[in-house]
Amino acid sequence: MAKSSIKIRARVKNGVSSIKTLINHPMETGLRTDKSTGKKIPAHFIQNLKCELNGIVIMNVQWGLAVSQNPYLSFKYNGGIAGDILKLSWEDNTGLSDSVEARLI
Amino acid sequence: MQQRRTFLKSSLACSFVVMAVASGLLTPVRVLGHWNRAAFNATRLHSAMKSALGSDLTESSKRITIQAPEIAENGAMVPLIVSSSLENTEIISLFAVQNKTPLVAQFELGKDTQAYISTRIKMRKTSDLIAVVSAGGKKYSARKEIKVIMTGCQN
């Protein structure tokens with residue numbers, strides 16, 4: 001099974017879930033030139049990202065080319081109990097996508 | 001329970017909303033649908049805000065905080081934490097004023113999601129970072145200047 005591009009850490013403490021994710025993705029702006037070929041490196045960046053907790057969307061994100069390479073996102077949710085399923089998914093401008101599920105601990 | 005926002009599934013529904021908004025019948029409550037190409041491609045701050053939010057008018061608020069370095073050595077990785085204590089914060093939008101395309105990101109929060117975002121962005125040069133919070137049908141903003149030593153946008 002191919003390794004996911006998404007690392008996710010989801011912890012719940014005192015009724016607050018803390019979700020941190022690091023995604024392996026070039027987030028290429030499309031503005032850079034390859035110095036060896038002189039050609040523009042095409043834009044390749046995540047446009048949509050979604051986080052679901054037990055099937056309900058708790059975070060819905062749109063990104064542009066100005067989000068850093070290997071994007072990091074951390075946010076908090078007032079709820080969740082250990083064992084709940086979190087799903088993080090993304091789609092980029094070239095049609096690629098990935099998703100990962102993790103349990104809240 | 002009052003529904004805070006209506007989810008629009010089709011472009012037809014979107015065009016009805018646009019007509020209703022234009023005729024003053026609806027207060028625009030922005031909901032993120034398909035990737036907002038017009039907003040992300042806009043090269044001027046005011047156009048980006050109008051496309052992303054429906055309007056470029058916001059009320060300045062001290063209840064939005066932006067934590068970011070005063071000086072970012074590497075403009076390609078500027079860490080930010082944006083949070084809001086405004087009730088009913090629904091969307092947090094980030095704009096880097098001097099980026100070629102100022103709209104950086106939009107975060108639509110679920111009902112019980114805290115108004116707190118920590119992420120890393122690219123900045124082309126020293127400029128203000130503006131955080132706009134869409135809350136209860138209104139828009140509020142805060143800004144912070146971030147000095148950038150090495151540009152985050154090579155070209």
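**Rings and a cavity in a predicted model**

Colleague: How does the lining of the second largest cavity divide by class?

Modeller: Its lining has three nonpolar, two polar and one charged residues. Ala, Val, Leu, Ile, Met, Phe, Trp, Tyr, Cys and Pro count as nonpolar, Asp, Glu, Lys and Arg as charged, and the others, Gly among them, as polar. This is a predicted model, where local features need pLDDT of at least 70 and side-chain atom pairs pLDDT 80 or more, while totals for chains, interfaces and linings use all residues. Residues are numbered from 1 along each chain as its sequence is written, chains are lettered from A and ligands numbered from 1 in the order written, and side-chain values use heavy atoms, without hydrogens and water.

Colleague: Why is the contact of Phe45(A) and Trp35(B) called tilted?

Modeller: Rings of Phe, Tyr and Trp (its six-membered ring) pair if their centres lie within 6.5 Å; planes under 30 degrees apart are stacked, over 60 edge-to-face, and the rest tilted. These centres are 5.8 Å apart with 55° between the planes, so the pair is tilted.

Colleague: And what makes Trp35(B) and Phe40(B) a stacked pair?

Modeller: Their centres are 4.9 Å apart and their planes 5° apart, so this pair counts as stacked. Together, ring pairs link Phe45(A), Trp35(B) and Phe40(B) into a cluster.

Colleague: Are Trp35(B) and Phe40(B) buried or exposed?

Modeller: Both are buried (under 20% relative accessible area; exposed is over 50%, partly exposed in between, with a 1.4 Å probe and protein chains only). Phe45(A) is buried too.
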